[in-house]
Amino acid sequence: MANNKEIIRVANLTKEFSGREVLHLPHWSVPKGSITGIIGPSGAGKSTLLRILNWLEKPTRGEINYFGRSIPANAEEKTGIRRKMTMLFQKPVLFDTTVYENIAYGLKARNIPKKEIKRLVAPMLEKIGMAAQHQQRAKTLSGGEAQRIAMARALVLEPEILYLDEPTANLDPMNIELLEKMLLEMNRTHGTSVIIITHNLFQARRITDHVLFLCQGQLVEAGQTEQIFADPADERTQAFVKGQMIY
């Protein structure tokens, strides 16, 4: 049973592809207002889990509670929940229009008035250091700039849950620092719950409050970040946080 301190809770969650189980979580919960990291080797089921949580994939079995209740059958209520969540991928997908229009896209889709859109987008442009480039075409941007736009487009919606799948994997240190600062600010200012997949263990330790460690689709260990890194209970976790190869 979920409580008001948990924003997501899963129970007996499994995913199978062609009869092969690729993910199995007997239980797991995400504390409200936390930054939660999902770590583990490639093929551990991290992206599959994130896609299930964001309704891009259906689980084979199991239950997921959001905001203290099960997913409703009513389409309108489902849409209400879906609008509280957004996701940012490793490779940004931008529309072939201006920087401003890309950031404003989600707000326009929700029929937000033009004046309100301008009020919300303007500070985002400042935060990502691209106010002077607001009329530049997105296709002319560098990879780091494109990911900044994608992050701003996600954050301007002020989601209650933000899913991130390796958002800084291909970025230079300056862009990584900028995006991490934006995440931390959104988390502290708006209470946004962040769930981030990262292969960068330094990043996981630097910005997360809680960590989930997956290996071969199995939940190995979950807990507070410092405990997982400093004193992990499972030998597989110990090996992984030391940088050793595990399969």
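In which helix does Gln-203 lie? Gln-203 lies in helix H7, residues 201–207. Helices (H or I, at least four residues) and strands (E, at least two) are DSSP runs, numbered from the N terminus.

The model is predicted: local features need pLDDT of at least 70, side-chain atom pairs count only at pLDDT 80 or more, and totals for chains, interfaces and linings use all residues. Residues are numbered from 1 along each chain as its sequence is written, and side-chain values use heavy atoms, with hydrogens and water left out.

**Two glutamines**

Gln-203 counts as buried because its relative accessibility is 1%. Buried means under 20% relative accessible area, exposed over 50%, and partly exposed in between (1.4 Å probe, protein chains only). Neighbours within four places in sequence aside, Gln-203 is in contact (heavy atoms within 4.5 Å) with Thr-168, Ile-176, Glu-180, Ile-196, Thr-198 and Thr-208.

Gln-147 belongs to helix H5, residues 143–155, and is buried, with a relative accessible area of 1%. A polar atom of the Gln-147 side chain lies 3.1 Å from the backbone oxygen of Phe-89. Not counting residues up to four places away in sequence, Gln-147 touches Leu-88, Phe-89, Gln-90, Pro-92, Pro-167, Leu-171 and Leu-179.

**Helices H3 and H4**

The axes of H3 (residues 99–109) and H4 (residues 114–127) come within 10 Å and cross at roughly 135°. Axes are lines fitted to C-alpha atoms, for helices over the stretch in contact, and angles run from 0 to 180 degrees between N-to-C directions. H3 and H4 are therefore oblique to each other; angles under 35 degrees count as roughly parallel, over 145 as roughly antiparallel, 65 to 115 as roughly perpendicular and the rest as oblique.

From H3, Val-99, Tyr-100, Ile-103, Ala-104, Leu-107 and Lys-108 meet Ile-117, Lys-118, Leu-120, Val-121, Met-124 and Leu-125 of H4. By class, this contact of H3 with H4 has 10 nonpolar, no polar and 2 charged residues. Ala, Val, Leu, Ile, Met, Phe, Trp, Tyr, Cys and Pro count as nonpolar, Asp, Glu, Lys and Arg as charged, and the others, Gly among them, as polar.

**Positive phi values**

Most residues other than glycine have a negative phi. The table lists two residues with a positive phi, neither of them a glycine.

| Residue | Phi | Location | Relative accessibility |
|---|---|---|---|
| Asn-12 | near 50° | strand E1 (residues 6–17) | 51%, exposed |
| Ser-18 | about 55° | loop between E1 and strand E2 (20–31) | 84%, exposed |

Technical notes
Polar contact = N/O pair within 3.5 Å; in protein donor to acceptor, adjacent residues only side chain to side chain.
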